[in-house]
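Student: I would like to go through the salt bridges of this model with you, one question at a time. Could you show me the sequence and the structure before we begin?

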Amino acid sequence: MKPPRQFFSPLATGAPAPLRDLPIAIERMIHFVPPHLEKVRAKVPEMAAQVDVILANLEDAIPADAKDAARAGAVEVGKMDLKGAGFWVRINALNAPWHLDDVTTLVAGLGDKLDVLMVPKVEGAWDIHYMDQFLALLEAKHGVMKPVLLHAILETAQGVANVEAIAGASPRMQGISLGPADLAASRKMKTTRVGGGHPGYRVIADPGEGARISVQQDLWHYTLAKMVDACAMHGIKPFYGPFGDIADAEGCEQQFRNAYLMGCVGAWSLHPSQIAIAKKVFTPDVDDVKFALRILEAMPDGSGVAMLDGKMQDDATWKQAKVIVDLARQIAAKEPEMKAAYGL
Ligand code: GLV
Ligand code: MG
């Protein structure tokens, strides 16, 4: 384990100092774009105005013969006016033939315009240590002033086993997303879905009179909970990943909502129709914010006990209310209509 002081020293001469705190950013939807397609690139500025983060995808779903074009397209997209949206790139995995060119080209071509690199199939802290050192060298070489942050996808059984170490591996760590498709394959789960539930995964009532009640369960509950705790422990952000059944808006909303309630701050949008779903789910509900504000008002110094609508409030509910109000304030600072709706 590195001594604490070294943790915040630059890893290369001339590289920027690692950040002590993450920049404040609303990241409710990470909108995936395939950057090798000229038609898609042309629509990015318009799209950027509707989303919190634009992500140029270089990894899975980009054909092998389009990887170079996608990388060049990502540099082009990163230079556009993204109307305040964050700019992330999902690079190819550490063992892929395109990985080296992805990282070197993006840092050289974009420098400070690159907010976050999403790293697929992270297995353990060693993968983050490698990225950390490599990025420091590239930042020093290209005079980058703002450290490139790292976001790991949790999509292998080994990664899940090591998630706490991954979350705490470097001050560059910005967050972690669940990658349910690759994770299902890695675990040998018997599903071909990308996220969401499965009708066969359920609990059933005991035998008795009449039909036995049976309810579908959430296949991702354990992993998501483990990931949220690891992220919270290390002060980084947890995200739900992709929901692949684009036609099932209701299923997508429910899966995102479970993640939101459990502590996640955002999810991926793979299709424009999922942008509004993520925005709705990861923006605190107006009534919840108003009730949370009443809790804070009832206990101005955060201590003691109060009753509101028959519900007991104490230090712990004050802290819960503060989580919701802090998030609402961040969103209100960006969106005047939400500021008005929350009455902030
Ligand atoms: C995402 O990359 C996934 O594998 O689900
Ligand atoms: Mg994947």
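The questions and answers below concern the salt bridges of this predicted model.

Student: How many salt bridges does a search of the whole structure find?

Tutor: The model is a predicted one, and side-chain atom pairs count only at pLDDT 80 or more. With the whole structure searched, the number of salt bridges found is 19.

Student: Which residue meets E59 in a salt bridge, and how many residues apart are the two?

Tutor: The side chain of E59, which is buried at a relative accessible area of 2%, meets that of K121 with 2.5 Å from N to O. E59 sits in the loop between strand 2 and helix 3, and K121 in the loop between strand 4 and helix 5. The partner is therefore K121, partly exposed at 25%, and the pair links parts of the chain whose separation is 62 residues.

Student: Is D132, the partner of R172, buried or exposed?

Tutor: R172 and D132 form a salt bridge in which the closest N and O atoms are 2.7 Å apart. R172 lies in the loop between helix 7 and strand 6 and D132 in helix 5, so the pair ties together parts 40 residues apart in sequence. Because buried means under 20% relative accessible area, D132, at 7%, is buried.

Student: Which helix holds E253, the partner of K280?

Tutor: K280 forms a salt bridge with E253, their closest N and O atoms being 3.0 Å apart. E253 counts as buried at 18% relative accessibility. K280 lies in helix 11, and E253 in helix 10.

How values were computed:
Residues are numbered from 1 along each chain as its sequence is written. Chains are lettered from A and ligands numbered from 1 in the order in which they are written. This is a predicted model: local features need pLDDT of at least 70, side-chain atom pairs count only at pLDDT 80 or more; totals for chains, interfaces and linings use all residues. Side-chain values use heavy atoms; hydrogens and water are left out. A salt bridge is a side-chain nitrogen of Lys or Arg within 4 Å of a carboxyl oxygen of Asp or Glu. Helices (H or I, at least four residues) and strands (E, at least two) are DSSP runs, numbered from the N terminus. Buried means under 20% relative accessible area, exposed over 50%, partly exposed in between (1.4 Å probe, protein chains only).
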